[in-house]
Amino acid sequence: LKLQFLYLIVLFTMHGNPRMRRRLAPRPPESPFGDFPADYIRPTPRTPAQRRPGTAPVAGRAAHGGVGVPGRGAPSAAFVHKKSGMGGSCSSLNRGVVRAKPRAPVAGAYRKRPIPPTEFRRFYDRGDLPVAIAHKGSGARGLDWKVDIEKLDYHHYLPIFFDGLRETSAPYKFLAHAGCNDLLEKGGTKILPTIPQLIIPMKTALNTRDHEIVCETLKVVQKLVVSGQLIGEALVPYYRQILPVFNLFKSLNKNTGDEIDYAQRRRVNIGDLIEETLQLLEIHGGDDAFINIKYMIPTYESCVLN
């Protein structure tokens with residue numbers, strides 16, 4: 001028992017002492033493939049000063065013509081540092097393609113907007129409108145009213161025909177424009193009470209930003225202003241709804257120079273139509289018309305005060 005106890009003490013002491021443990025453990029090989037050959041020159045350990053880039057080389061394999069191995073005697077200056085070599089780079093002498101810088105996106109203020117479907121088309125296709133196209137001689141066309149216009153309910157029919165001003169296909173376009181002209185021409189005092197109902201159709205037609213629709217709507221607005229008394233004054237509270245598009249296209253004129261615009265008889269110049277409409281609104285809008293127009297369109301100059 002005493003011998004066994006002494007053996008355990010000696011064994012515990014050897015395992016707890018690193019020196020004793022190193023004596024018992026076998027020596028590890030110099031590489032994963034075994035020891036180096038006997039004629040291999042071991043590198044001399046470098047000092048901290050020699051480990052910095054640009055210092056003098058130290059004795060080792062690189063000094064004897066061999067390839068330097070990091071940490072084994074090769075100078076750090078002999079290694080290729082990150083992003084300093086030529087590996088993978090293009091050596092072509094051709095000039096690279098100059099890519100154009102992306103342009104700023106267009107705001108699209110003048111771009112045409114989608115045209116929503118109209119109630120006029122639905123009523124006409126259903127046969128609820130007492131009107132039809134009358135074909136006359138020499139290619140002329142007109143409207144054939146099934147009922148006297150004076151007997152029509154303007155609160156019902158006039159907003160429907162104004163809603164058809166944004167139609168672009170036949171026969172709806174012709175029916176809507178000709179119907180508005182006939183109703184405004186023979187409406188008289190029935191037109192004034194319907195002004196609040198006409199604002200939304202006019203605003204929707206102008207907001208399409210389509211030049212053809214805007215020009216036709218401006219012509220109808222001009223006829224609306226002069227179709228009865230106090231209509232121009234009744235439109236003053238609604239300038240904020242219908243004048244923003246006027247301000248957008250007011251300067252859109254044709255620069256013909258010394259040429260002649262033979263299409264002016266058709267009145268399709270949107271800039272001239274807006275100027276004519278604003279002058280009619282000021283003339284028939286009363287005392288507060290100009291200041292409200294000036295608030296929405298700062299570039300407008302009065303045709304009455306000047």
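Which residue's side chain meets that of E216 in a salt bridge? In this predicted model, the partner is K219, with N and O 3.8 Å apart. Both residues sit in helix α7, 3 residues from each other, or about one turn of the helix. That spacing fits a simple rule of helix geometry: an α-helix has 3.6 residues a turn, so residues three or four places apart point the same way. Neither end of this pair is tucked fully away: E216 is partly exposed at 24% relative accessible area, and K219 is partly exposed too, at 21%. Buried would call for a value under 20%.

The E216–K219 pair is one of 12 salt bridges that turn up in a search of the whole structure. Another links the side chains of R267 and E276, with an N to O distance of 3.0 Å. Here both partners come out at 34% relative accessibility, so R267 counts as partly exposed and E276 does as well. Then there is K294, which pairs with E301; the closest N and O atoms of these two are 3.6 Å apart. K294 is partly exposed, at 28% relative accessible area.

Stepping back to the overall fold, the protein chain has 12 helices and 2 strands. Reading from the N terminus, the order is α-α-α-β-β-α-α-α-α-α-α-α-α-α, so the two strands come one after the other, following three helices. The chain runs to 306 residues, and 31% of them count as buried. As for how the chain meets itself, take the contacts between residues at least 6 apart in sequence: 63% of these join residues at least 24 apart. The accessible surface adds up to about 20900 Å², and carbon and sulfur atoms account for 56% of that area.

Helix α11 gives a closer look at packing. It covers residues 270–284, and at 1.5 Å a residue its 15 residues should span 21 Å; the C-alpha atoms at its ends are 21 Å apart, so the expected and computed spans agree. Its buried residues are I270, G271, L273, I274, T277, L278, L281 and E282. Looking down the axis of α11, these buried residues fall within an arc of 165°, which means they line one face of the helix. What lies over them? The cover for the buried residues of α11 includes α7 (211–225), α9 (239–242), α10 (244–249) and α12 (289–296). Helix α7, part of that cover, is also the home of the E216 and K219 pair. Just after α11 ends, G286 takes a positive phi of about 85°.

Two further spots show the buried and exposed extremes. T194 lies in the loop between α5 (172–187) and α6 (195–206). With a relative accessible area of 0%, T194 is buried. Leaving out residues up to four places away in sequence, T194 touches Y154, H155 and L158. On the exposed side is L6, which belongs to helix α1 (residues 2–16). L6 has 51% relative accessibility and therefore counts as exposed, since the cut-off is over 50%. Together with L3 and F5, L6 makes a nonpolar surface patch of about 370 Å².

Technical notes: Residues are numbered from 1 along each chain as its sequence is written. This is a predicted model: local features need pLDDT of at least 70, side-chain atom pairs count only at pLDDT 80 or more; totals for chains, interfaces and linings use all residues. Side-chain values use heavy atoms; hydrogens and water are left out. Helices (H or I, at least four residues) and strands (E, at least two) are DSSP runs, numbered from the N terminus. The expected span of a helix is 1.5 Å times one less than its number of residues. Buried means under 20% relative accessible area, exposed over 50%, partly exposed in between (1.4 Å probe, protein chains only). The arc is that of the directions from the helix axis to the C-beta atoms. Contact means heavy atoms within 4.5 Å. Patches are made of residues with over 30% relative accessible area and no salt bridge: like charges are joined within 9 Å, nonpolar side chains (Val, Leu, Ile, Met, Phe, Trp, Tyr) within 5 Å. Accessible areas come from the Shrake-Rupley method with a 1.4 Å probe; for residues, only the protein chains shown count as cover. A salt bridge is a side-chain nitrogen of Lys or Arg within 4 Å of a carboxyl oxygen of Asp or Glu.
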